[in-house]
Amino acid sequence: MNSKRRVMFAISVFLLIVGSMGALFEVVRKANYNDDFNVSLRSKAEINIDSHDIKRFIAHAGGAIGEDTYTNSLEALNLNYKKGFRLFELDIIKSSDNIYVAAHNWKHWKSMTGYKGKLPPTRLAFKQKRINNKYTPMDIYDINNWFEQHPDAILVTDKVNTPLEFSNIFLDRERLMMELFSMKALREGIQANIKSAMPNWKLMPEMADNKVQTLLDMSVTDIAASRKIIKNNKRFLRELKDHGIRVYVFHVNHKGIDEIYVICNDMDYIYGLYADKYEFQDEVDCSKYKTISGWYEIPLLVANSLEGRNQHLPLP
């Protein structure tokens, strides 16, 4: 090969590399900010770090026990604490005699206990019915006792929307995070000085135009949202994440999606998740979800971009 051909060859290689890098940067830009582009750019190491970071996982309704979910039971708390969970969500509603108890809703509780009486039951009637004939129900006194015995555990509430009243009854407001469902309740939760007053995502339309600044001005640090909102809100989720506002998603086990899928594919946009059945592990296997993640797979990203067929992850 003469010198002229070598020069032309070198120029061609250089232009190919520049073109490839341009395509790569476009992939990165789209993946981070385009609501219609579904690809994870986190490295395998980053995914594995997330997989055993206990601050990112909330045991949903106490966490699964065996094949049973939504038990809100003493046994669920005990099992999932041993597994490594330290954030525990409980659904909090009131009995007919105005006592806080842990149950998803009364219709669901009735189906799990076989209760035949009028709803809501009294606290005594609630305590007398075992969940699925084997699990121990919990009222506020049991909840306080359990968290007193587990001083590194944090309670995350659902359903209850009276943060001032509840925080005055729960044993430690510095270990209390509450998902709240109205702006009035959110302001009340912030004034109550609990660990975190978490607006439900449905409150976002009620925020001012600059939602991120509004949340920062209110000292909101956490948001609870359905996983279903990710697809159409990636830009906003990235902005929240860039400003240190943590989004935890529920509806994780839905239409073939599970905790591992979320860890592998969704953590570019969210901070954590409500988990039903999860084992903390040093390394997760993302291969069954066909995820494209991490700089170690950049050649595949570039190749697909150049061919005009950017990879999309399977979404429900």
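Helix 2, which spans residues 44-51 in this predicted model, has four residues that are buried, namely I47, N48, D50 and S51. These residues lie on the same side of helix 2, because they cover an arc of only 160 degrees around the axis. If we then ask what covers the buried residues of helix 2, the answer includes strand 1, residues 57-59, and helix 11, residues 259-265.

Helix 11 appears again when we turn to the nonpolar interior. The largest nonpolar core has 66 residues, and helix 11 gives the largest share of this core, with five residues. Within the core, the residues with the most contacts are F166 and L240. Leaving aside neighbours within four places in sequence, L240 is in contact with W201, V212, L215, I223, I245 and V247. Apart from this core there is a second, separate one of 11 residues, and among its members are I154, M177, M198 and A224. As a general background to such groupings, nonpolar side chains in soluble globular proteins tend to be buried together.

A last residue to follow is D158, which is found in strand 4, a strand running over residues 154-158. Is D158 buried or exposed? Its relative accessible area is 11%, and because buried means under 20%, D158 counts as buried. When neighbours within four places in sequence are left aside, the contacts of D158 are E89, L90, D91, I92, E179 and F181. One of these, I92, is 66 residues away from D158 along the chain, yet the C-alpha atoms of I92 and D158 are separated by 6.1 Å.

Note on methods: Residues are numbered from 1 along each chain as its sequence is written. This is a predicted model: local features need pLDDT of at least 70, side-chain atom pairs count only at pLDDT 80 or more; totals for chains, interfaces and linings use all residues. Side-chain values use heavy atoms; hydrogens and water are left out. Buried means under 20% relative accessible area, exposed over 50%, partly exposed in between (1.4 Å probe, protein chains only). Helices (H or I, at least four residues) and strands (E, at least two) are DSSP runs, numbered from the N terminus. The arc is that of the directions from the helix axis to the C-beta atoms. Contact means heavy atoms within 4.5 Å. A nonpolar core is a set of buried Ala, Val, Leu, Ile, Met, Phe, Trp, Tyr and Cys residues joined through side-chain atoms within 4.5 Å.
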